Each structure stands twice: as C-alpha cells, then as structure tokens.
Amino acid sequence: MHLTKITLIRVKGGKSCIISLMPNKNEEEVVRRAALFTALDDASAATLRESMSAVKVAKGQILFKEGDAGDRLFVVVEGKLKLGTSSGDGRENLLSILGPGDMFGELSLFDPGPRTATATAVVDSKLLALAHDQVIGLVKEHPQVALQLLRRLAQRLRKANEVLSDLVFADVPGRVAKAIIELSERFGTQKDDGLHVNHDLTQEELAQLVGASRETVNKALADFATRGWVKLEPRAVIVLDYERLAKRGR
Ligand code: CMP
C-alpha cells in the first residue's frame, strides 16, 4: 500500500513546488524500470520509492551545475533533461538526453567530487531524488542493487567509448543519423505517417549532442530530408525510412 505524501522541495535558483507523491500506475511502471529499482522485490521497491523526495523542474531550469557539490541522485519520472559540459570559452557539449526511467547524479557518490555535468530540464519534468547516504544504506541492505548500478556504469562507459570512436572515425552525417536513431529508440512513437521523434531539442542542442557545428548538422538533416529518409519539424523529426537512416549511422 502506498501512502499519499506531500513534500516541499526547493530547486537551486528556482521556486519551491509542492508535489503529491501519490504514484499513478504509469509512473510506477517507469520508476520500477530504473537501475535503482530493478533488483528489488515489489515491497522493497515500494519502500524505496516512499523514501524518495519528488522534485519538479520547469523547462529550461537548471537542476545542478557541473562543479557543484553533489549529495543526491535522481530518477526521471516524467519529462526530459539534458546533461552537458562546457569548455572554458563557453562552448557546450551534450553528453546525454535523459527520459523517464533514467537515473543520474550517482558519479559524485561513487567517486566523491563535484558534479561532472550540468543537468537542465528540456521540458517540464518530474524526478525522484535519493540522498547519497541513503543509497549507501540501500546497497548495504540489498547488495544486488550494487550490481545493477555497476551494470549501468559499465553501459555508460561502453557508450562513452562508442561516442569517442564515432568522433574520431565517423563523419557528421553518420553521427547525425545515429543520434536520430538513438533518440527514436528513447522517445519515438510509431504513427501511420512514420516514426515521430519528439526530441524537444533546438538545432543548437542537436549540434551539441552530435559534436559538430549547427551548420553541418543542418546540412546533414536537409540532405536526409531531400532523400526522403526524414521529415523535419520544429523540435521533432519524423523518420520515414528507418533502415536507410540506421545504415547511414552504423
Ligand atoms: P554526477 O557527476 O553526480 O552529476 C552529473 C551526472 O551526469 C553524473 O553524476 C552522471 O550520472 C551523469 N553523467 C556524467 N557523464 C555522463 C555520460 N557520459 N553519459 C551519461 N550520463 C553521464
């Protein structure tokens, strides 16, 4: 049985917001898929969820900044966030786009130190937060949770290696094609006229995700549109020829 709980949270630089923790069925399923929860039985998962605080971040709001001290990890319940880093001269790079079920903010726990990236809401988002010391308690009580967290870290390292080799070996159109395919796997919805990928990213943010200039990324997208592989919409792409696009991104 779940308790209805009301929590008051203040997000850095933002307004306080009151959120009911009463879970709806869909949210519950989403959270259950997060790495923190998958190794737990239903009763332990419900207890963990009840011990987490709800956090709401409005579109464009920064949850935390690269270099901040980190004391909590987060699970995305609803919405979309971007993780980015910036160079000393103000250029920005996006590491990842996170959606429902994704967990982040754990690196500063396992390797104590400042936050390694800035987390910003791309759309209005709902999160659950767990204090780092509570994570330690959870892992001690349920060692299998540690294995799931290690698995996530290993998957992230694999992905980071892949991104690095793509930056060295793949051309910009190849990286753009791959980014769209990956976004479609996370956020795509199949409809009659194609696979709708509502990425909610600006052209600049897409370019930061691919690690190229906005001009070259736009040129690649325009080329894909001319070939009939995609249809471009504001902050969305409709994939019309998945096979060819995926092949270009391989
Ligand atoms: P932390 O350093 O506490 O805060 C920023 C978070 O971004 C970090 O924990 C990770 O959870 C996440 N993160 C850092 N680098 C990457 C990456 N390359 N891919 C995905 N997530 C990352």
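Arg32 is partly exposed, with a relative accessible area of 24%. I open with this residue, and I should say at once that the model under discussion is a predicted one. Arg32 belongs to helix α1, which covers residues 25-32. Its C-alpha lies 9.2 Å from that of Ala46, and the two residues are 14 positions apart in the sequence.

Let me turn now to the ligand.

Where does the ligand sit? The ligand sits in the largest pocket. Two elements give two or more residues to the shell around the ligand, namely β7, residues 92-98, and α3, residues 107-110. There are 13 residues around the ligand, and those that come nearest are Gly105, Glu106, Ser108, Arg115 and Thr116. Sorted by class, the shell contains 6 nonpolar, 4 polar and 3 charged residues.

Which polar atoms of the protein lie close enough to the ligand to count as contacts, given a limit of 3.5 Å between N or O atoms? I shall take three of them in turn. With Gly105, the partner is a polar backbone atom, and it is 2.8 Å from an oxygen atom of the ligand. With Arg115, the partner is a polar side-chain atom, which lies 2.8 Å from an oxygen atom of the ligand. With Arg156, an N or O atom in the side chain is 3.3 Å from a nitrogen atom of the ligand. As for the area involved, the ligand taken alone exposes 460 Å², and the protein buries 89% of that.

I continue with a residue in the loop that follows β7.

Gly101 is placed in the loop between β7 and β8, the latter being residues 103-104. Is Gly101 buried or exposed? Its relative accessible area is 13%, so Gly101 is buried. Gly101 and His132 are 31 residues apart in sequence, and their C-alpha atoms are 18 Å apart in space.

Next, two residues of helix α6.

Helix α6 spans residues 172-187 and includes Ser184. Ser184 has a relative accessible area of 6% and is therefore buried. What does the side chain of Ser184 reach? It reaches the backbone oxygen of Ile181, at 2.7 Å. Glu182 is also found in helix α6. With a relative accessible area of 27%, Glu182 is partly exposed. Between Glu182 and Ile97 there are 85 positions in the sequence, while the distance from C-alpha to C-alpha is 10 Å.

A further pair that is separated in sequence involves strand β10. This strand covers residues 125-131, and Lys126 is found in it. The relative accessible area of Lys126 is 22%, so the residue counts as partly exposed. How many residues separate Lys126 and Ala58 in sequence? They are 68 residues apart, and their C-alpha atoms are 8.8 Å apart in space.

I come now to the loops, beginning with Asp68.

Asp68 lies in the loop that runs between β4, residues 62-64, and β5, residues 72-78. Why does Asp68 count as buried? Its relative accessibility is 19%, and buried means under 20%. The side chain of Asp68 reaches the backbone nitrogen of Lys65 at 2.8 Å.

Two other loop residues call for a remark on backbone geometry. In general, most residues other than glycine have a negative phi. Asp200 has a positive value, near 65°, and is not a glycine. Asp200 is placed in the loop between β12, residues 194-197, and α7, residues 203-210. Its relative accessible area is 22%, and Asp200 is accordingly partly exposed.

What is the phi of Arg235? It is about 55°, again a positive value in a residue that is not a glycine. Arg235 is found in the loop between β13, residues 230-233, and β14, residues 236-239. At 37% relative accessibility, Arg235 counts as partly exposed.

To close, I return to the ligand. It sits in the largest pocket, and Gly105 and Arg115 are among the residues that come nearest to it. A polar backbone atom of Gly105 is 2.8 Å from a ligand oxygen, and a polar side-chain atom of Arg115 lies 2.8 Å from an oxygen atom of the ligand.

Technical notes
Residues are numbered from 1 along each chain as its sequence is written. This is a predicted model: local features need pLDDT of at least 70, side-chain atom pairs count only at pLDDT 80 or more; totals for chains, interfaces and linings use all residues. Side-chain values use heavy atoms; hydrogens and water are left out. A residue is near a molecule or strand if one of its heavy atoms lies within 4 Å of it. A polar contact is a pair of N or O atoms within 3.5 Å; within protein, one must be able to donate a hydrogen and the other to accept it, and residues adjacent in sequence count only if both atoms are side-chain atoms. Accessible areas come from the Shrake-Rupley method with a 1.4 Å probe; for residues, only the protein chains shown count as cover. On a 1 Å grid over the protein atoms alone, a cavity is a set of points where a 1.4 Å probe fits but cannot get out, and a pocket is an open set with protein on both sides within 12 Å along at least five of seven lines; lining residues have an atom within 4 Å of a point. A molecule sits in a cavity or pocket if more than half of its atoms lie within 2 Å of its grid points. Helices (H or I, at least four residues) and strands (E, at least two) are DSSP runs, numbered from the N terminus. Ala, Val, Leu, Ile, Met, Phe, Trp, Tyr, Cys and Pro count as nonpolar, Asp, Glu, Lys and Arg as charged, and the others, Gly among them, as polar. Buried means under 20% relative accessible area, exposed over 50%, partly exposed in between (1.4 Å probe, protein chains only).
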